[in-house]
Amino acid sequence: MKLYVCWGTFSTPRPGGHPCANAYHALKDAGHDPEVIKSYGFAPLPGVFNQTRGRREVQELTGNRWVPTLLLDDGTVIDDSHAIVEWARANPA
C-alpha cells in the first residue's frame with residue numbers, strides 16, 4: 001500500500017491534527033506499514049507548482065491533487081484523511 005502525503009507524517013499544532021499525519025498514524029495504529037510518498041506542493045496552486053511524482057500520481061488516481069490519498073495493493077484508492085482513518089479502523093492488519 002502507498003500513502004501519498006504532502007510533506008510529513010509528524011504531529012503539528014494544527015487543531016485536529018494534520019490530515020496527512022492523522023491518516024498515517026491511523027494506518028500504523030491498525031498495524032499497516034504503508035510506503036509513504038511525499039508529494040510536495042500545495043494543491044490549490046496551478047499544476048506547475050505541483051509537479052512532484054506524488055502529486056502527478058495522485059491526480060492520475062483521483063482527478064485532483066489533494067493528499068492524503070491511500071492506494072491499496074489491489075488498486076483501490078481511498079481519498080481524504082477521514083476516509084483513510086475510517087478504512088484503517090475497519091481493516092486492521
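Trainee: How many helices and strands does the protein chain have?

Mentor: In this predicted model, the protein chain has 3 helices and 4 strands. Follow the sequence and you get the pattern β-α-β-α-β-β-α.

Trainee: Now the sheet. How do I read strand pairing, and in what order do the strands sit?

Mentor: The general idea first: strands of a sheet pair through backbone hydrogen bonds, either parallel or antiparallel. Here the 4 strands make an open sheet, ordered 2-1-3-4, with mixed pairing. At the edges you'll find strand 2 (35-38) and strand 4 (77-79), each pairing on one side only. On average, neighbouring strands of this sheet are turned by 20° against each other, ignoring direction.

Trainee: Can we zoom in on one pair? How many bridges join strand 3 to strand 4?

Mentor: Strand 3 (residues 69-71) and strand 4 run antiparallel, joined by 3 bridges. For a landmark, find Leu70: Ile78 in strand 4 stands opposite.

Trainee: And the helices? Which strands does helix 3 touch?

Mentor: Helix 3 (residues 81-90) packs on the sheet and touches strand 1, strand 3 and strand 4. Its direction makes about 125° with that of strand 4. As for helix 1 (residues 19-29), that one lies across strand 1 (2-5), strand 2 and strand 3. Helix 1 runs at about 160° to strand 1.

Trainee: Let's talk cysteines. How many disulfides are there?

Mentor: In general, a disulfide is a covalent bond between the sulfur atoms of two cysteines. To count one here, the two sulfurs must be within 2.5 Å. By that rule, the count is 0 disulfides.

Trainee: Why is Cys6 not bonded to Cys20?

Mentor: Because the sulfur of Cys6 is 3.7 Å from that of Cys20, its closest cysteine sulfur, and that is too far for a bond. Looking from the other side, Cys20 is in no disulfide either, with the sulfur of Cys6 as the nearest cysteine sulfur.

Trainee: Are those two cysteines buried or exposed?

Mentor: The cut-off for buried is under 20% relative accessible area. Cys6 comes in at 7%, so it is buried. Cys20 has 1% relative accessibility, so that residue counts as buried too.

Trainee: Stepping back to the whole chain, what share of the residues is buried?

Mentor: Of the 93 residues in the protein chain, 40% are buried. The accessible surface comes to about 5,300 Å², and carbon and sulfur atoms account for 53% of that.

Trainee: Last one: what share of contacts links residues 24 or more positions apart?

Mentor: Among contacts in the protein chain with a separation of 6 or more, such pairs account for 48%.

Methods. Residues numbered from 1 in each chain as written. Predicted model: local features only at pLDDT ≥ 70, side-chain atom pairs only at ≥ 80, totals over all residues. Heavy atoms only, no water. Helix = DSSP H or I, 4+ residues; strand = E, 2+ residues; numbered from the N terminus. Buried < 20%, exposed > 50% of the residue type's maximum accessible area, 1.4 Å probe, protein only. Contact = heavy atoms within 4.5 Å. Areas by Shrake-Rupley, 256 points an atom, 1.4 Å probe, with all protein chains shown as cover. Pairing = 2+ DSSP bridges. Axes fitted to C-alpha atoms, helices over the stretch in contact; angles between N-to-C directions.
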